[in-house]
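Here's a quick tour of a model you can open alongside the text. Grab your viewer and follow along.

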Amino acid sequence: MIRDATIFDIPHLNELGTLLNPNFSTLYNLKEMLEDGYSKVIVYEKDNLIVGFITATHLYETCDILSLIVDPEFRRHHIATNLIGYLITDLGENLKLITLEVAKHNKAALKLYDKFGFKIIHERKDYYANDDAYLMARKSDLSE
Ligand SMILES: CC(C)(COP(=O)(O)OP(=O)(O)OC[C@H]1O[C@@H](n2cnc3c(N)ncnc32)[C@H](O)[C@@H]1OP(=O)(O)O)[C@@H](O)C(=O)NCCC(=O)NCCS
């Protein structure tokens, strides 16, 4: 089941978030994101356990994906694909542009975003502690 996160999910999301960044909970204030009116925190639940989530901010016709994490035990089951699909559907047809940053050597994520029609539009040197980043964008008129 895919649903919006609630305040009760935050401890588990912060724990999963450390798989992406050990400082996840200081980088992203999920409680604030649940309340600010322009952020999305969407979770994928399997047997009452959250096994993946996506966070994003959206303003008017644009959306920026901030984090996307799937529990290692549940990867390659299209959970990330479903979370992105849900986000795109949820934001509706006014959505024109989605952007995100991804580490240059994150092959799994690059493949996933490529499947959704994201294109590399810029390279940010030393964006992460141990890697460069690609800024990727997906226009809404591109097919999924
Ligand atoms: C990247 C990540 C979110 C993918 O989650 P997932 O649920 O396993 O992804 P999906 O099952 O939806 O994969 C969709 C497609 O992406 C590609 N893909 C995903 N993982 C891959 C891998 N390890 N190697 C190669 N391709 C991969 C495949 O094309 C896959 O389609 P297929 O399984 O039909 O071949 C997950 O590996 C993860 O949490 N990684 C750590 C956090 C991270 O890097 N997040 C992204 C930061 S921007």
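## Around the ligand

Sort the residues of the shell around the ligand by character and you get 11 nonpolar, four polar and five charged. There are 20 residues around the ligand, and those that come nearest are Arg-75, Ala-80, Thr-81, Ala-108 and Leu-112. Keep in mind that this is a predicted model.

Where does the shell come from? Strand 4 (62–70), helix 4 (79–91) and helix 5 (107–115) each chip in at least two residues. Helix 5 gives the most, with six residues.

## The sheet

Now for the sheet: seven strands form an open one, ordered 1-2-3-4-5-7-6, and the pairing is mixed. Strand 1 (2–4) and strand 6 (119–128) are the edge strands, each pairing on one side only. From one strand to the next, the twist averages 25 degrees.

As a reminder, strands of a sheet pair through backbone hydrogen bonds, either parallel or antiparallel. Strand 5 (residues 97–103) and strand 7 (residues 131–139) run antiparallel and are joined by seven bridges. Within strand 7, Met-136 is the residue that stands opposite Leu-100.

## Helices on the sheet

Helix 1 (residues 10–17) lies across strand 3 (49–59) and strand 4, and it runs at about 90 degrees to strand 3. Helix 4 packs on the sheet too, touching strand 1, strand 2 (39–46), strand 3 and strand 4. The direction of helix 4 makes about 35 degrees with that of strand 3.

Which residues of helix 1 are buried? They are Leu-13, Leu-16 and Gly-17. These residues cover an arc of only 105 degrees around the axis, so they sit on the same side of helix 1. The cover over the buried residues of helix 1 includes helix 2 (24–27), helix 3 (30–35), strand 3 and strand 4.

## Two positive phi values

If you like checking backbone torsions, here are a couple to look up. Asp-47 is not a glycine, yet its phi is positive, at about 50 degrees. You'll find Asp-47 in the loop between strand 2 and strand 3. Is Asp-47 buried or exposed? Asp-47 has 6 other C-beta atoms within 10 Å, so it counts as exposed.

Arg-76 is another residue other than glycine with a positive phi, near 65 degrees. Arg-76 belongs to the loop between strand 4 and helix 4. With 8 other C-beta atoms within 10 Å, Arg-76 is exposed.

Conventions:
Residues are numbered from 1 along each chain as its sequence is written. This is a predicted model: local features need pLDDT of at least 70, side-chain atom pairs count only at pLDDT 80 or more; totals for chains, interfaces and linings use all residues. A residue is near a molecule or strand if its C-beta atom, placed from the backbone, lies within 6 Å of it. Helices (H or I, at least four residues) and strands (E, at least two) are DSSP runs, numbered from the N terminus. Ala, Val, Leu, Ile, Met, Phe, Trp, Tyr, Cys and Pro count as nonpolar, Asp, Glu, Lys and Arg as charged, and the others, Gly among them, as polar. Two strands pair if DSSP finds at least two bridges between them. Axes are lines fitted to C-alpha atoms, for helices over the stretch in contact, and angles run from 0 to 180 degrees between N-to-C directions. Two residues are in contact if their C-beta atoms, placed from the backbone, lie within 7 Å. A residue is buried if 20 or more other C-beta atoms lie within 10 Å of its own, exposed if 12 or fewer, and partly exposed in between; C-beta atoms are placed from the backbone. The arc is that of the directions from the helix axis to the C-beta atoms.
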